[in-house]
Amino acid sequence: GTPRGRGMRRGEWSLGACATLVDALHRQGTDVQVLVVDETPETVEVRGPAQLTALLTLLSEATLCQHAPIAGGLLDDLRTLAHCYWIPAGGFVRAPELDALPAGATLVEEDRS
């Protein structure tokens, strides 16, 4: 999303939250599908240590970009998941894509209190 105010710090927090969540799920033996929303969205399957390393590298090299709508086909893929987490980078927590996520999707945001 578009950085607003503390967008870069929130973006870094969000990338770290994604890395932590995927690592924890992977350690539990869960296969994870990650949609990285960038100028060109990319889906990454994490089923083993090599894919986890590749995802963590991708996240460590990420930069914030302007928000743009996600293609419908990518959102359709998200609807097939057993569970979905949405981690907004840059503080853009009201993305229109949230309405298209599966029921029960979990919004992960930084505690700002």
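1. Arg27 and Asp23 form a salt bridge through their side chains, with N and O 2.9 Å apart. Both residues belong to helix H1. They sit 4 residues apart, about one turn of the helix. Arg27 counts as exposed, at 68% relative accessibility. Asp23 counts as partly exposed, at 22%. This is a predicted model, so side-chain atom pairs such as this one count only at pLDDT 80 or more.

2. How many salt bridges are there by this rule? The count is 3. Asp31 and Arg47 make another of them, at 3.9 Å from N to O. That pair links distant parts of the chain. Asp31 is in the loop between H1 and E1. Arg47 is in the loop between E2 and H2. The two residues are 16 apart in sequence.

3. Arg47 has a further partner. Glu45 forms a salt bridge with Arg47, and their closest N and O atoms are 3.6 Å apart. Asp31, Glu45 and Arg47 are thereby linked in a network of salt bridges. Is Arg47 buried or exposed? Arg47 counts as exposed, at 56% relative accessibility. Glu45 counts as partly exposed, at 34%.

4. Now the overall layout. The chain has 3 helices and 4 strands. Read from the N terminus, the elements run α-β-β-α-α-β-β. The chain has 113 residues, and 33% of them count as buried. It exposes about 6900 Å². Carbon and sulfur atoms supply 52% of that area.

5. Contacts across the sequence deserve a point of their own. Take the contacts between residues at least 6 apart in sequence. Of these, 53% join residues at least 24 apart. Ile87 and Ser14 give an example of a pair far apart in sequence: 73 residues separate them along the chain. In space, their C-alpha atoms are 6.1 Å apart.

6. Look at both ends of that pair. Ser14 is placed in helix H1, which covers residues 7-27. Is Ser14 buried or exposed? Ser14 is buried, because its relative accessible area is 4% and the limit for buried is under 20%. Beyond residues up to four places away in sequence, Ser14 touches Ile87, Pro88 and Ala89.

7. Ile87 lies in the loop between strand E3 (85-86) and strand E4 (106-107). Which residues does Ile87 contact, leaving aside its neighbours within four places in sequence? They are Ser14, Ala17, Cys18, Leu21 and Val108. Ser14 and Ile87 therefore appear in each other's contact lists, given that contact means heavy atoms within 4.5 Å.

8. Strands E1 and E2 run antiparallel, joined by 5 bridges. A hairpin of 5 residues connects E1 to E2. Where is the bridge partner of Val34? It is in E2, and the residue is Val44. Val34 and Val44 are also both members of the largest nonpolar core.

9. The largest nonpolar core has 12 residues. Among them are Cys18, Val22, Val36, Val46 and Leu52. Which elements give two or more residues to this core? They are H1, strand E1 (32-36), strand E2 (42-46) and helix H2 (49-60). H1 gives the most, with 4 residues.

10. Leu52, one of the core residues, touches Val22, Asp23, His26 and Val46, not counting residues up to four places away in sequence. Val22 and Val46 are core members as well. Asp23 is the salt-bridge partner of Arg27 from the opening point. A second, separate core has 8 residues, including Leu35, Ile70, Trp86 and Leu101.

11. Last, the cysteines. The structure holds 0 disulfides. A disulfide is a covalent bond between the sulfur atoms of two cysteines. Cys18 is buried, with a relative accessible area of 12%. Cys84 is buried too, at 6%. Cys18 belongs to the largest nonpolar core and is in contact with Ile87.

Definitions and conventions. Residues numbered from 1 in each chain as written. Predicted model: local features only at pLDDT ≥ 70, side-chain atom pairs only at ≥ 80, totals over all residues. Heavy atoms only, no water. Buried < 20%, exposed > 50% of the residue type's maximum accessible area, 1.4 Å probe, protein only. Disulfide = S-S within 2.5 Å. Core = buried A, V, L, I, M, F, W, Y, C linked by side-chain atoms within 4.5 Å. Areas by Shrake-Rupley, 256 points an atom, 1.4 Å probe, with all protein chains shown as cover. Salt bridge = Lys/Arg side-chain N within 4 Å of Asp/Glu carboxyl O. Pairing = 2+ DSSP bridges.
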